[in-house]
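Q: I would like a close look at one part of this model, namely the way its oppositely charged side chains pair with one another. Please follow those pairs into their surroundings and then place them in the chain as a whole.

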Amino acid sequence: MYFLNIILILALVLGGCKGTLDDLQPSGNDQRAEEVQTTNNQTPVYDFSILDQNGQSRNLAQELGAGRPLVLYFTMWCPICNAHTDHLLTQTIPKYSGPKYFLVDYISGSASAALRSRQENGYESAAFELLVDQNNQAINAFSATMGTTVVLSANGELLFNEDLKDGVKLEAVLAKL
């Protein structure tokens, strides 16, 4: 009886909390606002600098200027992120070698900590470059969180921005490049 009373009290408390039932039937639509700056021809401008794992400043607009599409994967080095990274390394990169691949570490806080995380997670010689988003510029530019995968065309057009799931949608976008 005591256990039943606890459950009843918890149900009443949670039922009175505003918003607890709001997302029980999510739409599946991306509700994030588009916040990127655009030029006159409506091509997004990603003109900000971000550190790489060696502490060197890298400008995303310059990376795009090299004429290659970019793939950015936002990682926290958690088991889910590592599973996604493994999928990118074993399934995606071998099939679609045209883009330049970056892991974006937004959790470590410094180049040395990000490099240590890369090494500790077994990606020391992996086929991607590591960027360190110390000031959350990339997170803010792409409204990204853990697992967000972004594909930018060689001219800077945003082609894909969503959480990596099974890689099917990502590979469909990469196949069209």
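A: A salt bridge is taken here to be a side-chain nitrogen of Lys or Arg within 4 Å of a carboxyl oxygen of Asp or Glu. The model is predicted, and everything said below should be read with that in mind. Side chains of opposite charge can pair when their charged atoms come close. The structure holds 8 such salt bridges, among them one between the side chains of Arg58 and Glu129, where nitrogen and oxygen are 2.6 Å apart. That pair links distant parts of the chain, since Arg58 belongs to strand β2 (residues 57-59) and Glu129 to strand β5 (residues 129-132), with their positions 71 residues apart in sequence. The two partners also fall into separate accessibility classes: Arg58 is buried, with a relative accessible area of 15%, whereas Glu129, at 27%, counts as partly exposed.

Another bridge joins Lys100 to Glu63, and here the closest N and O atoms are 2.9 Å apart. Again distant parts of the chain are linked, with Lys100 placed in strand β4 (residues 100-105), Glu63 placed in helix α2 (residues 60-65), and the two 37 residues apart. Glu63 has a relative accessible area of 12% and is therefore buried.

A further bridge is formed by Glu171 with Lys95, whose closest N and O atoms are 3.0 Å apart. Glu171 lies in helix α6 while Lys95 sits in the loop between α3 (79-92) and β4, so this pair ties together parts that are 76 residues apart in sequence. Glu171 counts as buried, at 13% relative accessibility. As for how bridges combine, those that share partners join Asp52, Arg58, Glu63, Lys100 and Glu129 into one network.

Glu171 leads on to Thr92. Thr92 has its place in helix α3 and counts as buried, at 0% relative accessibility. If neighbours within four places in sequence are set aside, Thr92 is in contact with Glu171, and also with His87, Tyr101, Leu170 and Leu174. Leu170, one of those contacts, is found in helix α6 (residues 168-175) and is buried, with a relative accessible area of 1%. Once residues up to four places away in sequence are left out, Leu170 touches Thr92 together with Leu88, Thr149, Val151, Phe160 and Leu164. From Leu170 to Thr149 the separation is 21 residues in sequence and 8.1 Å in space, C-alpha to C-alpha.

Besides the charged pairs, the structure holds 4 aromatic pairs, and Phe74, Tyr106 and Phe142 form one aromatic cluster.

Covalent links between cysteines can be considered as well. A disulfide is a covalent bond between the sulfur atoms of two cysteines. A search of the whole structure finds 0 disulfides. Cys78 is in no disulfide, and the nearest cysteine sulfur, which belongs to Cys81, is 3.3 Å away. Cys81 is likewise in no disulfide, its nearest cysteine sulfur being that of Cys78, at 3.3 Å. The pair is not counted because a disulfide requires cysteine sulfur atoms within 2.5 Å. Cys78 counts as buried, at 17% relative accessibility, and Cys81 is buried, with a relative accessible area of 0%.

On the surface, Tyr2, Ile6 and Leu10 make a nonpolar patch of about 340 Å². Ile6 lies in helix α1 (residues 2-16) and is partly exposed, with a relative accessible area of 33%.

These local details belong to a chain with 6 helices and 7 strands, which follow one another along the sequence in the pattern α-β-β-α-β-α-β-α-β-α-β-β-α. Of the 177 residues of the chain, 39% count as buried. The chain exposes about 10,400 Å², of which carbon and sulfur atoms supply 53%. Among contacts in the chain with a separation of 6 or more, 67% are accounted for by residues 24 or more positions apart. Returning to the charged pairs, Arg58 and Glu129 are 71 residues apart, Lys100 and Glu63 are 37 residues apart, and the parts tied together by Glu171 and Lys95 are 76 residues apart.

Methods: Residues are numbered from 1 along each chain as its sequence is written. This is a predicted model: local features need pLDDT of at least 70, side-chain atom pairs count only at pLDDT 80 or more; totals for chains, interfaces and linings use all residues. Side-chain values use heavy atoms; hydrogens and water are left out. Patches are made of residues with over 30% relative accessible area and no salt bridge: like charges are joined within 9 Å, nonpolar side chains (Val, Leu, Ile, Met, Phe, Trp, Tyr) within 5 Å. Accessible areas come from the Shrake-Rupley method with a 1.4 Å probe; for residues, only the protein chains shown count as cover. Helices (H or I, at least four residues) and strands (E, at least two) are DSSP runs, numbered from the N terminus. Buried means under 20% relative accessible area, exposed over 50%, partly exposed in between (1.4 Å probe, protein chains only). Contact means heavy atoms within 4.5 Å. Rings of Phe, Tyr and Trp (its six-membered ring) pair if their centres lie within 6.5 Å; planes under 30 degrees apart count as stacked, over 60 as edge-to-face and the rest as tilted.
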